[in-house]
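Student: I have a structure open and would like to learn how to read it. Where should I begin?

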Amino acid sequence: MSQASETETTEGTGRIKSVSGPVVKAVDLDARMNDVVYVGDEGLMGEVIEIEGDVTTIQVYEETSGVAPGEPVENTGEPLSVDLGPGMLDAIYDGVQRPLDVLEEKMDSAFLDRGVDAPGIDLEKEWEFTPEVEAGDTVEAGDIVGVVPETVTIDHKVMVPPEYEGGVVESVEEGKFTVDDPVVTLENGEEIAMRQEWPVREQRPTVEKRTPRTPLVSGQRILDGLFPIAKGGTAAIPGPFGSGKTVTQHSLAKFADADIVVYVGCGERGNEMTEVIEDFPELEDPKTGNSLMARTSLIANTSNMPVAARESCVYTGITIAEYYRDMGYDVALMADSTSRWAEAMREISSRLEEMPGEEGYPAYLAARLAEFYERAGYFENLNGTEGSVSAIGAVSPPGGDFSEPVTQNTLRIVKTFWALDADLAERRHFPAINWNESYSLYQDQLDPWFEENVAEDWPDKRQWAVDVLDEEGELQEIVQLVGKDALPEDQQLTLEVARYLREGYLQQNAFIDVDMYCPPEKTYAILSTIQTYNDEAFDALDAGVPIEDITSIDAAPKLNRIATQEDWETFVDELKSDITEQIRSLY
């Protein structure tokens, strides 16, 4: 049920039969699956998840201690929904879209009381509405009827709700209105306001899901260069504690080529979400120079919050993302982390006494993960615009074990896999993404974009880098046994080139302004320069030049400094010339 509506309950009031953590069983309750109910004397919000005879099972989104059998249960008759309209950006919600700043003011405390509620968007604030239709125009479901400047960065498109029939516009208003005021009236009596309601577990309708062919440029060389994700794509970032999952998602939220960012903190530690809440308003959007929060919606559901709300928060997040997608925006959804979401499902499943699957997770774990990631994609919307939702989920496998169920089931669904490595993190190699384990299935469909917009030989350069790194991985096993000096000179040179790839190309310094974001053109230039060194060095080796002379040229160490140069274009041109001149002078 929408948080913005007046709470209305049906006449069929039941009573509590038993309480087991977040799971409450009620009897004599006239309800349907997924109805929102209010439980106990305090009116705790919950959702119907099972009906068997006269017994209705409810998952409660708040702490249930002190709730006793016999207390009333009231049904709203509506599914769990979110309020969609102006005001969702630059906002911080909990897992069921209650604005945390409003709740703090309401209670005059940083600690939430049970049963407290607030609208998902401000019902009193007036927004400046500029119509884009006139009386006599015909509109259909999903059509844009006007624009509201939601933030300094984003214009909010007011749309005909998907469930409306549409028809001929009878009257249009212009000026300042609240989100519930009708701004467009149709001849059939339908009134269109700025606010919509939508059930979180139901995907918003579109015309067609298309194959994504544009990359979501992240500014991270290892991602854009070796393992790209498409706009409308899906990706998983698994890794052990301390390997950089959250930092990687923060970087993507700041720099990724997306119009809107929805960041879902799903069961993470409070200090991590505190960092997001404190830092994002202070961060400057590199696209506009305004606050990053002007195009961001945060959903904070930390590990100490009720477990049932954690289960719903990812649905809240992706519903908000779909709404902005319907306006024609590209949305990046960060879910941190889906492991905590799966753990919430496991706890609720055990309370329901369901047959457990692998490691105690419910048998429907894979189906729920698939339902979530399936809602991402590149779509043609009902109004003719095109928009995308890119879903990037962090996975926190216990002990970094990628064979555990959440990681394995996620890998069967997503098409991009960025494997974080604790050993790389300990060696201070960041981003700590293991290039031998990671992959992207979007490469073939994205290569034409890179060929057209960056360089025609982009795929060849990438494949060369992958081959060198693969060969280095094989040679390292031999080096550990016999030492580097025992290798033939050509293999020693391969190791030297791979070292420059690792240190000058794959590593990136987030504390240096010119290196925290790397455009694709610079990514290509760095790789191209290293390959120039590789080609010239092997030519010299074939001509009989000792490897010691080749690797000791003055220009070689500068390969690691390209990324930190302000004027990198000039630096690259000069470095390529120096490398060629110095190596060719050896023979």
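Tutor: We will take some helices, strands and loop residues in turn. Keep in mind that this is a predicted model.

Student: How are two packed helices described?

Tutor: Two packed helices are described by the angle between their axes and the distance between the axes. Here, take helix α14 (residues 520-542) and helix α16 (residues 568-584): their axes come within 9 Å and cross at roughly 5°.

Student: Are α14 and α16 parallel or perpendicular to each other?

Tutor: Angles under 35 degrees count as roughly parallel. The crossing angle is roughly 5°, and α14 and α16 are therefore roughly parallel to each other.

Student: Which residues in α14 and α16 meet?

Tutor: From α14, the residues in the contact include E521, A525, Y533 and A540. From α16, they include W568, L575, I579 and R584. The residues of this contact divide into 9 nonpolar, 4 polar and 5 charged.

Student: How do I read the faces of a single helix?

Tutor: An α-helix has 3.6 residues a turn, so residues three or four places apart point the same way. In helix α4 (residues 270-279), the residues E272, M273 and V276 are buried. Seen down the axis of α4, its buried residues fall within an arc of 95°, so they line one face of the helix.

Student: Which exposed residues does the face of α4 turned away from its buried side carry?

Tutor: That face of α4 carries N271 and E278.

Student: What do the buried residues of α4 pack against?

Tutor: They pack against α3 (245-255) and against the strands β20 (260-266), β21 (296-301) and β22 (330-336).

Student: Now strands. How do I read the two faces of one?

Tutor: In a regular strand the side chains alternate between the two faces of the sheet. Strand β19 (residues 234-238) is mostly covered, with 5 of its 5 residues buried. On one side of β19 are T234, A236 and P238, and on the other are A235 and I237; both faces are covered.

Student: Which strands does β19 pair with?

Tutor: One partner is strand β24 (residues 386-395), which runs parallel to β19 and is joined to it by 5 bridges. In that pairing, I237 has A394 in β24 as its bridge partner. Another is strand β25 (residues 416-417), which pairs with β19 in the parallel sense over 2 bridges. There, A236 stands opposite F417 in β25.

Student: How do I read an open sheet?

Tutor: Find the order of the strands, then look at the edges. One open sheet of 4 strands has the order β10-β13-β15-β16, with antiparallel pairing. β10 (138-139) and β16 (191-192) stand at its edges, each with a single partner strand, so one side of each is left without a neighbour in the sheet.

Student: How many bridges join β10 to β13, and which residues are partners?

Tutor: β10 pairs with strand β13 (residues 167-172) in the antiparallel sense over 2 bridges. T138 stands opposite V168 in β13, and the bridge partner of V139 is G167. Going on along the sheet, 3 bridges join β13 to strand β15 (residues 184-186), again an antiparallel pair. In this pair, S171 stands opposite T185 in β15.

Student: Where are the edges of the sheet β12-β11-β9-β14?

Tutor: This is an open sheet of 4 strands with antiparallel pairing. β12 (155-159) and β14 (175-177) stand at the edges, each with a single partner strand, so one side of each is left without a neighbour in the sheet. The twist averages 40° from one strand to the next. Within the sheet, strand β11 (residues 144-149) is joined to β12 by 5 bridges, and V147 stands opposite K157 in β12.

Student: Let us finish with loops. Is H429 buried or exposed?

Tutor: Buried means under 20% relative accessible area. H429 has a relative accessible area of 6% and is buried. Its place is in the loop between α9 (422-426) and β26 (439-440). Not counting residues up to four places away in sequence, H429 touches L424, W435, R502, L506 and Q507. H429 and N509 are 80 residues apart in sequence and 9.4 Å apart in space, C-alpha to C-alpha.

Student: Where is E62, and is E62 buried or exposed?

Tutor: E62 lies in the loop between β5 (55-60) and β6 (72-79). With a relative accessible area of 8%, E62 is buried. Leaving aside neighbours within four places in sequence, its contacts include L44, R98, D113 and P306.

Conventions
Residues numbered from 1 in each chain as written. Predicted model: local features only at pLDDT ≥ 70, side-chain atom pairs only at ≥ 80, totals over all residues. Heavy atoms only, no water. Axes fitted to C-alpha atoms, helices over the stretch in contact; angles between N-to-C directions. Parallel < 35°, antiparallel > 145°, perpendicular 65-115°, else oblique. Contact = heavy atoms within 4.5 Å. Nonpolar A, V, L, I, M, F, W, Y, C, P; charged D, E, K, R; others polar. Pairing = 2+ DSSP bridges. Buried < 20%, exposed > 50% of the residue type's maximum accessible area, 1.4 Å probe, protein only. Arc of directions from axis to C-beta.
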